[in-house]
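Subject: Structure for you to look at

Dear colleague,

Here is the structure I said I would pass on, and my notes on the findings follow below it. Please keep it open while you read.

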Amino acid sequence: MTAIPAGVLDPSAARPLREDLAAAGFRSTAVAGVLGSAAEGSLRRGSTLAAARVLARPEARAAGAVADLTALFVAGLAVPADRLAAALPRLGVEGAVRAGLVALDGDAAVPRVELAPHQFVDPDGVGEWWVASDLGEAATGGPLRADHVLGVGGASRTLAGLQLPRRAESVLDLGTGSGIQFLRAARYGRRLVATDVSERALAYARFNAALNDVDVDLRAGSLFEPVTGERFDRILSNPPFVITPRRPGVPEYEYRDGGLEGDALVETVVRGVAGHLLPGGVAQLLANWEDRAGADGRDRVAAWALEEGLDAWVVEREVQDPVLYAETWIRDGGIRPGTPEYDRLLAAWLDDFAAREVRSVGFGYVTLRRPERRRPSRRVEREQGGAGGLGGHLAACLEAQDWLAATDDDALLTARLVVAGDVTEERHHWPGEEHPAAIELRQGGGFARVVPVDAAAAGLVGACDGELTVGAIVDALADLLESDPAELRAELLPVARELVATGLLMPAA
Ligand SMILES: C[S@@+](CC[C@H](N)C(=O)[O-])C[C@H]1O[C@@H](n2cnc3c(N)ncnc32)[C@H](O)[C@@H]1O
């Protein structure tokens with residue numbers, strides 16, 4: 001099956017297509033209902049067989065247009081042209097062919113693109129996008145082409161969910177691919193600019209912008225070159241961060257590989273952000289980083305940002321050993337284990353990691369800020385848990401961290417704090433003992449942090465109901481615990497700061 005050359009997807013088809021998809025009820029919940037979770041999972045793992053069986057059942061056929069659109073654009077299966085005509089009455093089959101969405105093979109329409117609905121939820125409510133991208137491995141039945149344009153995957157959804165739900169005058173989406181990040185950013189961004197080095201990706205982004213009725217300034221070029229001299233309030237990037245050996249015969253995929261050695265592409269993006277953020281602006285990136293002998297990857301990322309004068313908040317979500325990492329990305333390219341090609345590539349990856357003494361590879365998200373009138377700050381951590389859609393939590397934490405930066409210890413003692421509504425306390429006792437052996441604060445939302453505290457800190461948190469000042473609570477605790485008030489302040493103020501910075505305590509309104 002041939003994929004679409006750049007510029008063939010015709011944005012003028014977007015409007016009738018949007019109306020047809022809406023009228024057919026082609027939404028995530030409807031697609032999930034037609035396919036069922038087992039067939040959906042199998043499609044994600046690269047096989048169309050289970051989906052084809054489900055879609056051939058009478059109950060799926062009874063779903064009409066949604067089932068046909070799902071078969072064609074989600075499962076990558078041919079459907080009779082007359083049924084497609086009924087599913088797309090405004091665009092028509094000819095219009096779909098002209099737009100580059102399908103090709104005709106006798107009486108059958110065969111898909112030339114993947115086109116799927118994606119639901120999202122943010123503080124403004126539930127929304128849905130339709131995103132067109134290249135057909136995946138399941139539909140093409142072969143390895144991906146080097147200039148493959150990715151659909152909406154797990155990483156795309158992670159970054160989309162992390163986006164701060166706060167107004168931004170200008171937003172840059174660097175390496176936009178099929179455009180998922182600017183579609184999400186359109187909820188709060190006034191002026192959107194998106195770049196990509198791939199003309200094919202930009203063709204999809206242009207089509208998806210039109211399909212979802214979003215205005216975006218699309219620019220071709222590598223990294224920050226298309227925005228030379230411009231600054232933004234927000235920068236978003238799920239860059240091509242996959243670490244790939246620079247050796248002859250190792251395939252390079254534009255959608256995941258930035259062409260530099262090790263994690264140098266991530267360093268280039270982190271450092272490059274500094275020249276393109278307005279004061280107070282925030283960049284949100286996904287990245288891989290190498291843990292090298294004697295150098296933790298998260299510390300390396302934070303150091304690049306601090307050297308450029310940016311706040312760094314590096315959250316590691318996952319760590320893989322070099323073998324597992326290499327296998328993951330070799331399989332992602334469609335190469336199966338047990339073949340000589342697989343072994344050749346695995347050897348290339350392991351030699352490459354060995355050359356830089358790489359012990360493991362971390363994956364996570366990086367929040368960078370250009371601070372206004374203060375020195376840059378640094379937070380480096382490992383995610384303990386937490387669901388998707390952390391954008392609102394991240395935004396609240398950044399605001400709390402700004403409040404802390406403007407509040408010295410004397411001011412903190414006169415401040416009133418409240419415990420966040422999702423915080424619970426757990427106490428663990430040795431059997432028969434009156435006093436707890438361990439106390440933990442648990443955050444229900446956000447990063448689902450579990451914070452061990454001592455009795456004094458638990459007492460402070462327990463008394464933070466917005467009535468008493470922090471100073472009054474600490475003095476009362478010193479009385480109760482027969483401690484020196486000055487020593488207890490010195491011990492508890494940093495604890496209170498950390499709990500505010502991470503959203504377990506909040507300044508009272
Ligand atoms: C992992 S994909 C992310 C796509 C999309 N933003 C998302 O979140 O799903 C990385 C994108 O970066 C693009 N890219 C690769 N090298 C680039 C470069 N040097 N400059 C700009 N974009 C690049 C690829 O074409 C691809 O669209």
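In what follows, a pocket is an open set of grid points with protein on both sides within 12 Å along at least five of seven lines, and a residue counts as lining when it has an atom within 4 Å of a point. Please bear in mind throughout that this is a predicted model.

I begin with the second largest pocket, whose volume is about 340 Å³. Its lining is made up of 20 residues, and those that lie nearest the centre of the pocket are G280, G281, V282, R369 and D402. Strands β9 (232–237) and β10 (277–292), together with helix α16 (391–405), each contribute at least two residues to this lining. Sorted by class, the lining of the second largest pocket holds 12 charged residues, six nonpolar ones and two polar ones.

Turning to the ligand, 16 residues surround it, and the closest of these are S156, G175, D196, S222 and L223. The shell around the ligand consists of nine polar, five nonpolar and two charged residues. Among the contacts, a polar side-chain atom of S156 lies 2.7 Å from an oxygen atom of the ligand, an N or O atom in the side chain of D196 is 2.7 Å from a ligand oxygen atom, and a polar backbone atom of G177 is 3.3 Å from an oxygen atom of the ligand. Of the 590 Å² of accessible area that the ligand has on its own, the protein covers 94%.

L223, one of the closest residues to the ligand, sits in the loop between β8 and β9 and has a positive phi, near 40 degrees, although it is not a glycine. Because its relative accessible area is 25%, L223 is classed as partly exposed. D213 also has a positive phi, near 60 degrees, and is likewise a residue other than glycine; its place is the loop between α11 (199–211) and β8 (217–220). With a relative accessibility of 62%, D213 counts as exposed, because the cut-off for that class is over 50%. As background, most residues other than glycine have a negative phi.

The search of the whole structure also found four cavities of 30 Å³ or more. The largest cavity, with a volume of about 60 Å³, is lined by D311, A312, W313, T367, R369, S377, L398 and Q401. The elements that give two or more residues to this lining are β11 (311–320), β12 and α16, and β11 gives the most, with three residues. The second largest cavity holds about 50 Å³ of space, and its lining divides into eight nonpolar residues, one polar residue and one charged residue. Helices α14 (322–332) and α15 (340–355) each supply at least two residues of that lining.

Finally, two residues of strand β12 (residues 358–369) deserve a note: S360 belongs to this strand, and so does T367. T367, which also helps to line the largest cavity, counts as buried because its relative accessibility is 5%. S360 counts as buried too, because its relative accessibility is 15%, and its side chain makes a polar contact of 2.8 Å with the side chain of D291.

With best wishes

Notes. Residues numbered from 1 in each chain as written. Predicted model: local features only at pLDDT ≥ 70, side-chain atom pairs only at ≥ 80, totals over all residues. Heavy atoms only, no water. 1 Å grid on protein atoms, 1.4 Å probe; cavity = no way out; pocket = protein on both sides within 12 Å on 5 of 7 lines; lining within 4 Å. Points joined across faces, edges and corners; volume = space filled by probe spheres on them. Helix = DSSP H or I, 4+ residues; strand = E, 2+ residues; numbered from the N terminus. Nonpolar A, V, L, I, M, F, W, Y, C, P; charged D, E, K, R; others polar. Near = heavy atom within 4 Å. Polar contact = N/O pair within 3.5 Å; in protein donor to acceptor, adjacent residues only side chain to side chain. Areas by Shrake-Rupley, 256 points an atom, 1.4 Å probe, with all protein chains shown as cover. Buried < 20%, exposed > 50% of the residue type's maximum accessible area, 1.4 Å probe, protein only.
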